[in-house]
Amino acid sequence: MEAPAKSKPPARSVEKLERVVIRFAGDSGDGMQLTGSQFTATTAAVGNDLATLPDYPAEIRAPVGTLAGVSGYQINFSSEDIFTPGDAPDVLVAMNPAALKTNLRDLRPNGLLIVNTDAFKKSDLKKAGYEVNPLEDGTLDGYRTIPVELTRLTRTALLETGLPTRAVDRCKNFFALGMMYYLYNRTLDVSMNWIEEKFSDKPDIVQANQLALKAGYAFCEATEVFQTTYEVPAARLAPGTYRNVNGNQALALGFVAASMKSGLPLFQGSYPITPASEILHELSGYKNYGVVTFQAEDEISAIGATIGAAFAGKLGITTTSGPGLSLKQEFLGLAVMVELPIVVVNVQRGGPSTGLPTKTEQSDLLQAMFGRHSESPCIVLAARSPADCFDTAFEASRLALTHMTPVIVLTDGFLANGAEPWRLPDLEALGRIEAPFRTDPEGFQPYARDPKTLVRPWAIPGTPGLEHRVGGLEKAEGSGNVSYDSVNHERMIHIRERKVDAVADDIPLAEPTGDSQGKLLVLGWGSTFGAINGAVRRARADGLDVSMVHLRHLNPFPRNLEELMKRFERILVPENNTGQLAFLIQGRFLQEVTRLNKVQGQPFKESEILDAITEIAQG
Amino acid sequence: MSDSAPVLMKKDFVSDQEVRWCPGCGDYAILSAVQQVFPTLGIPRENFVVVSGIGCSSRFPYYVNTYGFHGIHGRAPSIATGVKIANPELSVWIATGDGDALSIGGNHLIHTIRRNVDLNILLFDNRIYGLTKGQYSPTSEYGKKTKSTPFGSVDRPFNPLSLALGANASFVARSVDVFAPHLKETLLDAHNHKGTAFVQIFQNCNIFNDHAFDEFREKQLRDDNVLVLKHGEPMIFGKNRDRGIRLVGCRHPEVVELGDGITEKDLLVHDETASVAYATMLAHMEPPEYPMPLGVIRRVEAPSLERAIQDQLQEVTDLKGPGKLEELIYAGDIWTVS
């Protein structure tokens, strides 16, 4: 397909921008996630750095036009490095009054607002709780509002298709997308090709969507609705090959990579749960990689089958979200006891209970640490960005397989759905994963240990001469036979604890970004990385004495963490919970920390962290 | 199976662990039957896995010298499913009890049966909680007085075979702990079935529910109270083999005396491959109205989960070729920055 961009009249001015934040907002049925992800794909293709924040309701279809049904997709793209989906949008596309009402407060002053005026009839306004039409009562003063009859214009453009009105109206998101492509001087090619592939079996839908996309673009061209258009040049990303990826996809790929690098087929036991289900969808497609996915009858069975597969010698993983982890905890206790390698992924969401299932939160750190009965330590890791989910999945698999112990990986809704350019790894450099398999019957004891790592051998069914029994009852050190001996029990408790502590010898030391000592250290974990990193960079550019450490390994901590913290006067711990890492740091190290907490189902803005840094650093 | 496999004996399947069931427990008989059947199956010892949950019967794996996994309460089917999918060559057996399988583990049980994973599930049904010292179980009879029901239980019990059939079980059988030849034959049938084989074994708990099965466990009573089913044979029972089961209309079974115009030809002929409805009818035949049917009640062929998974992996691999990591990672819309 040829992009109309080439024929654009040169008269209008083109302004160069470093970075732009756009938010598409509309009804759940308006296709906003699709529109956003299409803009993202095009943006990735032109080489911008980017970060996205899809934000959708828990209901699949809330009543049309209501506040509850608003779905949004924010993308931050730039010619420079960026780390977050952006604080305040520069552009808001509002497809209906409800979208306007819920999103307007975020639009930056004098920001560009594109509204579908056709959706502002009296009944539409009522559904959104507007008494008076906000397009007419001064609500929009202070913004550059572009009213567009999106519905009518799309219908006109698609007249020739002869499709029913309902089908035509579904194309208006592509009209809006075409407008955005015009505004930012983007090619239509990526989306034109995507439409063609996506709807290859429905030629009339291909035609309709492509017409709408081109019409949106042409409408801007013809009407000069935008006086100025913008250009965000390609970012100077580090040399390498890139693809755009979200956290769930990257995580799935990380496990496949670990499977191939360990030579162990991947087994995933899982039960559908938002926002983790996509990992199951992804992995279920990789059958020619030997990946087996088992959609169990419940969360409990999902981990039970995973442990069974691990017993039989596979790389076993199970994926879930917070409430699912609660259900798996009894089985995790068993995995600790039988010392088999499994990885449990918790894509955290707002809780407790069903809470805010489609929103992000970091509130399961203490559950991952302490949510089991008795003394049952697990390795706990957290991913920091969508692309980092790949590395974290690989690292989790490596640690589980080489240390023969369960590993919990924490990501969250923000990472799971958010996308960014992923610099593809050097696959050779990933290294092989060697699990401690045992085949020699001579002197075999299932609970004899490597003296340094305390790792026990992995003897799998089918290996002659190594028949043995494992189970939840306490084991005699060495033989693994059932033992009710009280002194043995205490010894085994300490062995299991020391075994997980010894993992600290197998992980990197914490490396501060900035200085190795000073006034303020910002200590974070998980998806707050982007906001913290952006804020620390800006603060340092302003001359503030601030550095950061971002933890991937939460249990055990890096060996040097305590010593490193002592070299700073103050420690700031931002978290999307009420202070769970802070609690751990204070409890473990008697280290005083300042908490910065946000539990609104939304990630931190860079500015929120910068404000806290500034207050401390200047205080 | 290897041609050069050493000849295995019962003693090869006896572990070095001391068996710790109460003296006189029915579990001993079941353990002995299993240890006698395993060496006859032509499977190397290292290819057996015995999985269990929690309860008296779930100590079973510790006493069988194969690979074993003593799991957590009710979850043995989940663990066993993972084992079997991971390695379909293994012969996987589950030892479970009425509380373990039907109460806390009910969900896993029905879904495992539904999926037809090639596992052998041995339900040690003693109609009581033993390890927790005598509470009523989901198979305890209505009105039963136990530690937790001093005035009698007001819970209606499950019929385990009917439950399994409700999940469309492809193999359902019943035996009794002390009927050694019948039990061993049933275990062999279970092994030979490709799919979930569900075997209910009446097992006497002589501490908390003694005499629960006397009417068909005691020699002098059993012949009149038990109907041993055989595929293709008329349903005859009784010490003198003079009684049988006849179908009234097409729905209602009745016990009849042979003679007086009633011959074997009038009796119901057992068909293991008949409908679930037929098998369910048999499952619900109970004393005192009927003799207790024993043996294979239902046996039909159906695709097993682990085979279907393997077949699909192969199909997709044949179609797409074996996956290469490079092609997986460096895929989709990629771009290069130099």
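Domain bounds here come from an automatic or database domain assignment. In this predicted model, that assignment splits chain A into domain 1 (4–231), domain 2 (243–430) and domain 3 (518–618). The C-alpha centres of domain 1 and domain 3 of chain A sit 36 Å apart. Even so, there is some touching: five residues of domain 1 of chain A are in contact with eight residues of domain 3 of chain A. On the domain 1 side, that patch breaks down into three nonpolar, one polar and one charged residues.

Now for helix H10 of chain A, residues 277–284. Its buried residues are Ile279(A), Leu280(A), Glu282(A) and Leu283(A). These four end up on the same side of H10(A) because they cover an arc of only 165° around the axis. As for what they pack against, the partners are helix H9 (247–262) and strands E10 (266–270), E11 (292–295), E12 (315–320) and E13 (342–348), which belong to chain A as well.

Turning to the two chains, 52 residues of chain B are in contact with 56 residues of chain A. Quite a few elements of chain B chip in with at least two residues each, among them helix H2 (60–63), strand E2 (67–70), helix H5 (106–115) and helix H11 (305–320). The top contributor is H3(B), with eight residues. By class, the chain B side of this contact has 24 nonpolar, 21 polar and seven charged residues.

The chains also share some strand pairing: strand E9 of chain A (residues 240–246) runs antiparallel to E12(B), with four bridges between them. Within this pairing, Tyr242(A) stands opposite Trp335(B) of E12(B).

Note on methods: Residues are numbered from 1 along each chain as its sequence is written. Chains are lettered from A and ligands numbered from 1 in the order in which they are written. This is a predicted model: local features need pLDDT of at least 70, side-chain atom pairs count only at pLDDT 80 or more; totals for chains, interfaces and linings use all residues. Two residues are in contact if their C-beta atoms, placed from the backbone, lie within 7 Å. Ala, Val, Leu, Ile, Met, Phe, Trp, Tyr, Cys and Pro count as nonpolar, Asp, Glu, Lys and Arg as charged, and the others, Gly among them, as polar. Two strands pair if DSSP finds at least two bridges between them. A residue is buried if 20 or more other C-beta atoms lie within 10 Å of its own, exposed if 12 or fewer, and partly exposed in between; C-beta atoms are placed from the backbone. The arc is that of the directions from the helix axis to the C-beta atoms.
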